[in-house]
Amino acid sequence: MEPPIIIEVLDRFGKIRERHRVGEFPCRIGRGYHNEIILDDPYVSISHAELILDGNNNIILNDTASDNGVYNTHPVERIDTVMVQENQRVRIGHTDLRFRTPQFAVKETIKDRSKPHGATARLGQMLLLPLVWLAVSSLLLWNTYLEQAIIDVTFGQVLYKTLPFLIFLPVWAFVWSIVSKIVTHRFYYRQHAIWISGLFIIIYVFELALQYVEFATAIDFLSDRVTLVSDVFFVAILFYGHLNYSTTYSRRKAAVIGTVVGILLTFTIQLTSFLAQPDFNNTPQYSGILKPPAFVLQQGKSIDTFFSDSAALKDFDYSRDASTSE
């Protein structure tokens with residue numbers, strides 16, 4: 001390791017407390033004010049250690065007859081002299097020192113969230129949240145009404161079915177806002193509320209389009225396959241947005257965490273739903289909303305073809321099948 005070097009002074013948890021750039025030697029380390037690096041540690045001697053250069057321009061750390069010695073941390077052993085290496089750690093008194101080169105890569109800059117700007121400022125506009133919530137409430141009420149349109153349904157019944165979700169949205173946003181306040185010192189309630197509400201609108205439009213595609217093409221397995229992938233994607237987007245406002249994570253780290261949460265949460269829900277599924281279920285696995293026949297792209301079967309395909313049912317021995325199952 002050649003000069004210059006960076007000496008990191010660590011606390012007992014391994015967090016960096018101070019950094020010192022050393023380019024001139026000898027460099028004295030101790031508690032006394034005559035040292036180049038002064039350590040505020042009562043277990044450190046007034047003159048504890050010294051950094052020097054040998055004939056090959058290597059940096060050598062020497063113990064200068066200290067009371068408590070200099071220790072290598074991996075393995076823990078007392079040393080009188082050692083050649084300093086990159087990322088090496090030594091203990092002086094109760095203080096750990098770590099040596100770095102100037103080329104050491106530091107972490108990405110934390111995004112300053114003290115003042116809303118860009119998309120954050122636009123999402124924080126006062127009138128935007130009521131408009132988004134009005135759109136979400138209207139879509140949810142209308143969808144619930146259409147799902148129940150085959151029976152005589154009242155507005156109170158529709159509201160009763162949709163009210164839990166309408167309550168969940170502001171509560172969910174409030175919880176994330178508390179996290180934002182603790183971590184970034186900004187409440188960001190409107191941003192969190194608009195993020196989850198806007199994503200709900202996108203999901204509704206996506207699923208509606210998927211239903212029409214499935215209805216038009218008569219591809220029965222399309223919805224299950226696409227929904228599984230889209231669930232992971234939308235959950236990842238949801239948590240990415242919340243983490244972006246609630247933490248100091250980089251966008252990349254927030255995206256990775258959101259993707260992992262999306263995969264785990266979707267897998268858990270799918271597994272729970274599969275295990276709880278009864279042997280027989282008379283609930284239809286398709287949307288109850290009627291769609292115009294004009295959207296059908298695939299020609300349907302004629303009545304003659306239908307009865308021809310079902311002719312085998314007449315010859316089926318139901319009694320034998322029943323006895324086999326018993």
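**Figure 1. Arg 28 is partly exposed in this predicted model.** Its relative accessible area is 35%. Its side chain meets that of Glu 36 in a salt bridge, at 3.1 Å from N to O. Glu 36 is partly exposed too, with a relative accessible area of 43%. Side chains of opposite charge can pair when their charged atoms come close. The structure holds six salt bridges.

**Figure 2. A salt bridge joins Arg 89 and Asp 96.** The N to O distance is 2.8 Å. Arg 89 has a relative accessible area of 24%, so it counts as partly exposed. Asp 96 has a relative accessible area of 6%, so it is buried. The cut-off for buried is under 20%.

**Figure 3. Glu 8 and Arg 100 meet in a salt bridge.** Their side chains come to 3.4 Å, N to O. This pair links distant parts of the chain, 92 residues apart. Glu 8 sits in strand S1, and Arg 100 sits in strand S11. Are these two residues buried or exposed? Both Glu 8 and Arg 100 are buried. Arg 98 belongs to the picture as well: Glu 8, Arg 98 and Arg 100 form a network of salt bridges.

**Figure 4. Six strands form an open sheet.** Follow the order S2-S1-S11-S10-S7-S8 across the sheet. The pairing is antiparallel. Strands S2 (16–22) and S8 (76–79) stand at the edges. Each has a single partner strand, so one side of each is left without a neighbour in the sheet. From one strand to the next, the twist averages 30 degrees.

**Figure 5. Strands S7 and S10 run antiparallel.** S7 covers residues 70–73. How many bridges join S7 to S10? There are three. Tyr 71 stands opposite Arg 91 in S10.

**Figure 6. The largest nonpolar core has 22 residues.** Leu 51, Leu 61 and Phe 99 touch the most other members. Six strands each supply at least two residues of this core: S1 (5–10), S3 (27–30), S5 (49–53), S6 (59–63), S10 (89–92) and S11 (95–100). Which strand gives the largest share? S1 does, with three residues. Another core lies apart from this one. That second core has 20 residues, among them Val 136, Leu 169, Ala 193 and Phe 234. In soluble globular proteins, nonpolar side chains tend to be buried together.

**Figure 7. Leu 61 and its contacts from beyond its sequence neighbours.** Neighbours within four places in sequence are set aside here. Leu 61 is then in contact with Ile 29, Ala 49, Glu 50, Leu 51 and Val 70. Its contacts also include Asp 80, Thr 81, Val 82, Val 84, Val 90 and Phe 99.

**Figure 8. Tyr 188 lies in a loop between two helices.** Helix H3 (155–184) is on one side of the loop in sequence, and helix H4 (189–217) is on the other. Tyr 188 has 7% relative accessibility, so it counts as buried. His 242 is 54 residues away along the chain. Yet the C-alpha atoms of Tyr 188 and His 242 are separated by 9.8 Å.

**Figure 9. Helix H6 spans residues 251–275.** How far apart are the C-alpha atoms at its ends? They are 36 Å apart. At 1.5 Å a residue, the 25 residues of H6 should span 36 Å, so the two values agree. Ala 254, Gly 258, Gly 262 and Thr 266 are buried in this helix.

Definitions and conventions: Residues are numbered from 1 along each chain as its sequence is written. This is a predicted model: local features need pLDDT of at least 70, side-chain atom pairs count only at pLDDT 80 or more; totals for chains, interfaces and linings use all residues. Side-chain values use heavy atoms; hydrogens and water are left out. Helices (H or I, at least four residues) and strands (E, at least two) are DSSP runs, numbered from the N terminus. The expected span of a helix is 1.5 Å times one less than its number of residues. Buried means under 20% relative accessible area, exposed over 50%, partly exposed in between (1.4 Å probe, protein chains only). A nonpolar core is a set of buried Ala, Val, Leu, Ile, Met, Phe, Trp, Tyr and Cys residues joined through side-chain atoms within 4.5 Å. Contact means heavy atoms within 4.5 Å. Two strands pair if DSSP finds at least two bridges between them. Axes are lines fitted to C-alpha atoms, for helices over the stretch in contact, and angles run from 0 to 180 degrees between N-to-C directions. A salt bridge is a side-chain nitrogen of Lys or Arg within 4 Å of a carboxyl oxygen of Asp or Glu.
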